Amino acid sequence: MNVPEIFDSLAYGPAPESAAEAQAWLEKHKAKFGHFIDGAFTKPAKGFPTKNPANGAHLAAISQGTDKDVTAAVKAARKAQPKWAALTGHQRARYLYALARLLQKHARLFAVLETLDNGKPIRESRDIDIPLAQRHFYYHAGMAQLAPTELPDRAPLGVAGQIIPWNFPLLMLAWKVAPALAMGNTVVLKPAEYTSLTALLFAEITQEAGLPAGVFNIVTGDGATGEALVGAEVDKLAFTGSTAVGRRIREATAGRSIPLTLELGGKSPYIVFEDADIDSAVEGLVDAIWFNQGQVCCAGSRLLVQEGIADTFHTKLKARMDGLRIGDPLDKCIDVGAIVDPAQLKTITDMVANNTEGETYQPATTLPEGCFYPPTLITGLAPSARLMQEEIFGPVLVSCTFRTPEEAIALANNTRYGLAATLWSENINLALHVAPQLAAGVVWVNGTNMFDAAAGFGGVRESGFGREGGWEGLLAYSRPAKPAKPGKTPAPFEGDGGPADPLDRTAKMFIGGKQARPDSGYSTAIHGPKGDLLGHVGTGSRKDIRNAVEAAAKATGWAKSSAHLRAQILFYLAENLSARADEFANRIKALTGKSGASEVEASISRLFAYAAWADKLDGAAKPVPMRGTALALNEPCGVIGALCSPAQPLLGLVSAIGPAVAMGNRIVACPSEPFPLIATDFYQILDTSDVPPGVVNIVTGPHADLAKTLSEHMEVDSLWNFSSPDLTAPIEKAAAGNLKRTLSLFPDWTDPATEGREMLAAATEIKTVWIPYGV
Ligand code: NAI
């Protein structure tokens, strides 16, 4: 092509990035890698090849980690952990800073290696993945420095097992490794089998940084190695990957008291209102869906466009798709690279080929040889269509239209996922009206796919739980330095024995703001310590739990109520309890045989504490390095189920209701199994305290049965077990169904440490809202 022809066609010439340095690095290792354990590479063992998906070229042989390898890595990490944790924050900060600097020094090598192994365009790995990974280590060098003074009440967990996917190999490593190390944990990481190379290069730079042996370890391998790590003696598990595997991990760890962070799949809505800056919204979409071959878990892969602009928007989008350059990912002028592996390519191809709905558009480009899939747009799909609901994880955008903002919100939330959401509108009122109503852990306003170490990232619903990034990310890698005093582990409740009594007409529960008879038609006799009959409570059943959850689910107004109102109502509850303090103290005495006065006093004080917190748990404005701010907002989890402690029946009940209600949740509380009568007295307090119907529901009955129904219920978002450690494993196993959050805690509720931030954190989800701000 001569110069005038080039000016005529404006065609791009090839601009390949050199792979020489990366190839030399592979050759230095004879293209064979062992694991990285206790500061050194192990001998390469039997495994599998890792290939360049763009051309199928063999890159290196990766070892398949066995149970023995995992055990050795965990042992090394365990040995190194106390010394690592004993360093000063400043000493750890210097190591993290050294890692950040080395990531910068070797940035080009990392970028090229990432592109060779994963297939994403060099522009993406060079300008997004690697700089963000560096930023994570810089940010967490600062966190290590500040943690001792800013988080003096937090201690490391120990050894963290971390399992990551293939779509952002080095970045996912950075997200997980940097906060873990900053807080004094040591790490065993399992990279994805398709993309282990940058992790292995990172292992090498930990040697260059002089990181003590055993602080960071890698075991490579496939899902079986991941499973071995899940089964190993780790103190924390952090996983990013598919919802199916996340669910298995939840089940496999049930009852093991291992803190979990699960970052799972998504089908994130991308909402474009008719007053949006259309060209920017088109560009955002191109970036989110096509520059990364759609292999971004939080990408706005579900386009919802307002009817009036749908044709214009789709036309502009198609024109942009026509101009996308697909090809050698190492070419700096390439927009769309290769799909990571033939297996993933087949999944995408089949999903699109099997779709019979809507209209499919693909530009008329000839695809290069290798693992490539064309940018694809499918318009006119019904909201319930399979491709609108299921994750494709490829360069395929699905689209449907809406008429009103309310319809947009309903469509956006019509998914089992809740990872991220994007919305475009030039009307600030509309944008800020819609953002809080989107069920997602992250919301981007007039922008998309923005990430930063300072801003929390993570999902709700079946997109998992836990946040990575920011101060909140550090909570996931630490525990209270002085945990609340443990209470006496209650003996499993034996009950009064024998079948439940026929219904005593006084036996009521509290559902939807009214006293209600149990559906079972049975009641349970409650006796005092000397065997005297004190009364009856309803024997709650599956149906009662369902009714209570339904009432709670309907009371959505509570989540939107002002913090001031919630505070007032909690103060009012305390006041009404105080007015009847003697009566409650006598009841406690009759039930337990112990004086109840101090428990009533502690319960009043606890309600005051949560009334106080209702309007004081601040969010934060995160200083992200771009023109905007990321607001970290404390949102309620939704519907919380709580099995209350038998140790202090009244205090245990208010210790569950208090934080849940203060933070805007609705609760289905099951009062302590041996002393439920205390709750039936509490109904009148609820009646007279202006608690809106459905916000607090109380179901009495055998906890094992009630726990089962609550943990299996899809509309329960979080389940708290303060009742018995025996219930933890079955609850956590069943909670995998809708990936609800769980909390199992058996403290001495009289310890003031139990009314602090731990419970408030359990009662909230952080939603990060990115908004343009500043110049
Ligand atoms: P995957 O869930 O199959 O694999 C993820 C990692 O888990 C890999 O390292 C794999 O070897 C390991 N693994 C597989 N089976 C395992 C088991 N039984 N026990 C323990 N570990 C196991 O997901 P894949 O295909 O690698 O990644 C794509 C998926 O990940 C997509 O569905 C995507 O939505 C999700 N993803 C989510 C992200 C998020 O931040 N929420 C980020 C990136 C991907």
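**Close-up views of a predicted model**

**View 1. A salt bridge joins two helices.** In this predicted model, the side chains of R248 and E227 come together as a salt bridge, with 3.5 Å from N to O. R248 belongs to helix α10 (residues 243-252), while E227 sits in helix α9 (residues 223-231). The two partners are 21 residues apart, so to speak a link between distant parts of the chain. If you feel like hunting for others, the structure holds 35 salt bridges.

**View 2. The chain and its three domains.** Here's how the chain is divided:

- domain 1 takes in 32-48 + 59-264 + 472-480;
- domain 2 covers 269-458;
- domain 3 is made up of 509-628 + 636-762.

Keep these ranges handy, as the next views come back to them.

**View 3. Where domain 1 meets domain 2.** The C-alpha centres of these two domains lie 30 Å apart. On the domain 1 side, 26 residues take part in the contact, and domain 2 brings 33 residues to it. About 2,500 Å² of area is buried between domain 1 and domain 2, and carbon and sulfur atoms give 59% of that. Which residues of domain 1 lose the most area to domain 2? They are P121, R123 and W166, which together make up 22% of what the domain 1 side buries.

**View 4. Salt bridges between domain 1 and domain 2.** How many salt bridges are counted between these two domains? The count is two. For a closer look at R123, find D335: the side chains of this pair meet in a salt bridge, at 3.0 Å from N to O. R123 is also one of the domain 1 residues that lose the most area to domain 2.

**View 5. The second largest pocket.** This pocket has a volume of about 1,500 Å³. Its lining counts 48 residues, and the closest to the pocket centre are A439, E635, P636, C637 and G638. Several elements each give two or more residues to the lining, namely β19 (464-465), α19 (557-560), α20 (563-579), α22 (597-614), β27 (629-636) and β33 (764-771). Which element gives the most? That's β27, with four residues.

**View 6. What the second largest pocket is lined with.** Sorted by class, the lining has 22 nonpolar, nine polar and 17 charged residues. As for domains, at least three lining residues come from each of domain 2 (269-458) and domain 3 (509-628 + 636-762).

**View 7. The largest cavity.** The model has four cavities of 30 Å³ or more. In the largest cavity there is about 90 Å³ of space. Of the 14 residues that line this cavity, G294, V296, S301, E391 and F393 are the closest to its centre. The lining of the largest cavity includes seven nonpolar and five polar residues, plus two charged ones.

Key: Residues are numbered from 1 along each chain as its sequence is written. This is a predicted model: local features need pLDDT of at least 70, side-chain atom pairs count only at pLDDT 80 or more; totals for chains, interfaces and linings use all residues. Side-chain values use heavy atoms; hydrogens and water are left out. On a 1 Å grid over the protein atoms alone, a cavity is a set of points where a 1.4 Å probe fits but cannot get out, and a pocket is an open set with protein on both sides within 12 Å along at least five of seven lines; lining residues have an atom within 4 Å of a point. Grid points are joined across faces, edges and corners, and a volume is the space filled by probe spheres set on the points. Ala, Val, Leu, Ile, Met, Phe, Trp, Tyr, Cys and Pro count as nonpolar, Asp, Glu, Lys and Arg as charged, and the others, Gly among them, as polar. Domain bounds come from an automatic or database domain assignment. Contact means heavy atoms within 4.5 Å. Buried area is the accessible area (1.4 Å probe) that two parts lose on being put together, summed over both. A salt bridge is a side-chain nitrogen of Lys or Arg within 4 Å of a carboxyl oxygen of Asp or Glu.
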